[in-house]
Amino acid sequence: MSTTGATADPFAALGSLPGVPESVESVRKAVDRVYGHRIMRRRSNEITSEAALRGARGSAALAGADWALEEVRRRTDFSGDDEARVMGGALRLTAEAGQLLSIWRQSPLRVLARLHLVAAASNDDTVGRPRQAGEPVDEPLIELPTPSAVEMHGRLEGLSELIIAGGSAPALVTAAVVHGELLALRPFTSHNGLVARAAERIVLVGSGLDPKSVCPAEVGHAELGRAAYLAALDGYVSGTPEGMAAWIAHCGKAIELGARESTAVCEALQRGAA
């Protein structure tokens, strides 16, 4: 995403792309349905916890660890192999994201570094900081060309400045751009997908669209499938209005599916209480 141009608020400009206002409205209605459910008034903490678990499972699935939900519930050790470590990282990120909301608008780069540290859970000296020139990126599921360290640092700083400045763009647009830009840049040597999806969650919660974090977009991204996810990302990376709009719409659909998931959880709890 370019951070230069005629407008001082490029996020807001993206909000007017064809089809995006409709996606924004559709997402708002889906979120409102969850928050309006009678179970949310009495048991919102349970819905939040369940959404966190399902969101972590979805994010890990996109990173190559596609486990059944009951397997995630059952496991206590996530250090055994590569898939287990991915799942453990996703679970840690979901728990950590809620602790970083107050820092995000003041220092998004600090938050991203912390997210990478949590995801990687390693003492490697590349962890918790953006990559430097010559350092390889281990992100096998994303086959896009990797921007140079110089380009990455410049665009990452630009993204940070836009987040700190704020603006009038809908939460969906900001969340989609943060998510897409982090996937495109792959600023860390590993775990960029997990970090990008956690950052999307932070934007959605911190913006007030989903303050209780009960509409896990990661669930929707996983349900739509890895092929659709990568195809939509190609649109974002193209930088064309059509490609950007398609990526934003894809992220909107993912949030709607996450909201539908939590609505189903509410219905199940209601049946159990009846």
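**Exercise 1. Find which residues Arg197 is in contact with, leaving aside its neighbours within four places in sequence, and describe its charge surroundings.**

Step 1. Take contact to be heavy atoms within 4.5 Å. Leaving aside neighbours within four places in sequence, Arg197 is in contact with Ser59, Leu62, Ala63, His179, Glu218 and Tyr229.

A quick word on the model: it is predicted, so local features need pLDDT of at least 70 and side-chain atom pairs count only at pLDDT 80 or more, while totals for chains, interfaces and linings use all residues. Residues are numbered from 1 along each chain as its sequence is written, and side-chain values use heavy atoms, with hydrogens and water left out.

Step 2. Place the residue: Arg197 sits in helix 10 (residues 192-206). Helices here are DSSP runs (H or I, at least four residues), numbered from the N terminus.

Step 3. Look at the charge. Arg197 is buried yet has no salt bridge, and the nearest side chain of opposite charge, Glu139, is 6.1 Å away. Buried means under 20% relative accessible area, exposed over 50%, and partly exposed in between (1.4 Å probe, protein chains only). A salt bridge needs a side-chain nitrogen of Lys or Arg within 4 Å of a carboxyl oxygen of Asp or Glu. In the charge count, Lys and Arg are positive and Asp and Glu negative, with His and the chain ends not counted.

**Exercise 2. How many salt bridges does a search of the whole structure find? Work through three of them and a network.**

Step 1. The search of the whole structure gives 16 salt bridges.

Step 2. Start with Glu71 and Arg74, whose closest N and O atoms are 2.8 Å apart. They are three residues apart in helix 4 (residues 69-74), so about one helical turn separates them. Glu71 counts as partly exposed because its relative accessibility is 22%; Arg74, at 56%, counts as exposed.

Step 3. Next comes the salt bridge between Arg155 and Glu181, at 2.9 Å from N to O. This pair links distant parts of the chain, with Arg155 in helix 8 (residues 149-165) and Glu181 in helix 9 (residues 171-185), 26 residues apart. Arg155 is partly exposed, with a relative accessible area of 22%, and Glu181 is buried, with 2%.

Step 4. Arg201 and Glu218 also form a salt bridge, their closest N and O atoms being 3.0 Å apart. Here too distant parts of the chain are linked: Arg201 is in helix 10 and Glu218 in helix 11 (residues 217-224), 17 residues apart. Both Arg201 and Glu218 are buried. Glu218 also appeared in Exercise 1, among the contacts of Arg197.

Step 5. Finish with the network: salt bridges link Glu50, Arg54, Glu70, Arg73 and Glu261.

**Exercise 3. Which residues do ring pairs link into a cluster?**

Step 1. Rings of Phe, Tyr and Trp (its six-membered ring) pair if their centres lie within 6.5 Å; planes under 30 degrees apart count as stacked, over 60 as edge-to-face and the rest as tilted. The whole structure holds three aromatic pairs by this search.

Step 2. One of them joins Tyr229 and Trp247, a tilted pair with 6.0 Å centre to centre and 55° between the planes. Tyr229 lies in helix 12 (residues 226-238) and Trp247 in helix 13 (residues 241-273), so the pair ties together parts that are 18 residues apart in sequence.

Step 3. Tyr229 and Trp247 are both buried. The cluster linked by ring pairs consists of Tyr229, Tyr236 and Trp247.

**Exercise 4. Is Ser262 buried or exposed, and what does it touch, not counting residues up to four places away in sequence?**

Step 1. Ser262 is found in helix 13. Its relative accessibility is 3%, so Ser262 counts as buried.

Step 2. Not counting residues up to four places away in sequence, Ser262 touches Val34, Ile47, Ala51, Val214 and Pro216.

Step 3. For a long-range check, take the C-alpha atoms of Ser262 and Tyr35: they are separated by 9.8 Å, although the residues are 227 apart along the chain.

**Exercise 5. Compare Ala121 and Arg186 by phi and burial.**

Step 1. Phi of Ala121 is near 45°, a positive value in a residue other than glycine. Phi of Arg186 is near 45° as well, again positive in a non-glycine residue.

Step 2. Ala121 is in the loop between helix 7 and helix 8, and Arg186 in the loop between helix 9 and helix 10.

Step 3. At 55% relative accessibility, Ala121 counts as exposed, whereas Arg186 is buried, with a relative accessible area of 1%.

How values were computed. Helix = DSSP H or I, 4+ residues; strand = E, 2+ residues; numbered from the N terminus.
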